[in-house]
Amino acid sequence: MFDEILGLPAHPLIIHAAVVFTPLLVLLGIAYVVLPAFRGKLDWALVVSAVAAPLAVFSARESGEALEARLFKGQIPQPVLDHSSFASPLLYSTIGLGVVALVLVYLTRPHREPGTAPAGSARVVSLVLSVATVVLALVVAYYVFRAGDSGARAVWAY
């Protein structure tokens, strides 16, 4: 399923979705936290990217494993091993950021009586989720950069 698309290797095609949605999730997650006045304009974009980015990264990882198995048959060069070592940490951190962002959007959307302030515990939870969003966004940014850079180096090494 992740091996080919119309006769072409799927990995170089699928990674473009991960390259778009993952940094978008990082940027939207941070913007949602640091620009609360714009949350009403950012919420749906953040929700879409919180779902799309993990799916894109999962598909990129699976297609990369299929390409690796087809091309190298057990004799995997070190640059490719280096590149593939970033796949799982990127996937898990992107899933984590997506889940935290979805919960943050849900908890910060105005779904209570107009004119009532959120309870103290809701503010604390919102603050914790905001910090977690920024931390996870930085982790995801690191891994997406490292995966992309090592992938480019692996391709250009051969």
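1. Helices here are DSSP runs of H or I with at least four residues, and strands are runs of E with at least two, numbered from the N terminus. On that basis the chain of this predicted model holds five helices and two strands. Read from the N terminus, the elements follow the order β-β-α-α-α-α-α.

2. As for overall dimensions, the C-alpha atoms of the chain occupy a box of roughly 65 × 30 × 20 Å when this is taken along the principal axes. The chain has 158 residues, of which 35% count as buried. Its exposed surface comes to about 9,300 Å², and carbon and sulfur atoms supply 72% of that area.

3. On contacts and charges, if one considers the contacts in the chain between residues at least 6 apart in sequence, 81% of them join residues at least 24 apart. The chain carries 10 positive and 9 negative charges, and the mean positions of the two sets are 11 Å apart.

4. Turning to the aromatic side chains, rings are paired if their centres lie within 6.5 Å, and by this rule there are two aromatic pairs. One of them joins Phe86 and Tyr143, whose ring centres are 6.4 Å apart and whose planes meet at 50 degrees; because planes under 30 degrees apart count as stacked and those over 60 as edge-to-face, this pair is classed as tilted. Phe86 sits in the loop between α3 (78-84) and α4 (87-108), whereas Tyr143 belongs to helix α5 (residues 120-156), so the pair ties together parts that are 57 residues apart in sequence.

5. The other pair is formed by Tyr142 and Tyr143, with ring centres 5.1 Å apart and planes at 75 degrees, so it is edge-to-face. Tyr143 therefore takes part in both pairings, with Phe86 and with Tyr142, and Phe86, Tyr142 and Tyr143 form one aromatic cluster.

6. Which members of this cluster are buried, and which are partly exposed? Phe86 has a relative accessibility of 11% and counts as buried, because the limit for that class is under 20%. Tyr143, with a relative accessible area of 23%, is partly exposed, and Tyr142 is likewise partly exposed, with a relative accessible area of 42%.

Technical notes: Residues are numbered from 1 along each chain as its sequence is written. This is a predicted model: local features need pLDDT of at least 70, side-chain atom pairs count only at pLDDT 80 or more; totals for chains, interfaces and linings use all residues. Side-chain values use heavy atoms; hydrogens and water are left out. Rings of Phe, Tyr and Trp (its six-membered ring) pair if their centres lie within 6.5 Å; planes under 30 degrees apart count as stacked, over 60 as edge-to-face and the rest as tilted. Buried means under 20% relative accessible area, exposed over 50%, partly exposed in between (1.4 Å probe, protein chains only). Contact means heavy atoms within 4.5 Å. Accessible areas come from the Shrake-Rupley method with a 1.4 Å probe; for residues, only the protein chains shown count as cover. Lys and Arg count as positive and Asp and Glu as negative; His and the chain ends are not counted. The place of a charge is taken as NZ of Lys, CZ of Arg, CG of Asp or CD of Glu.
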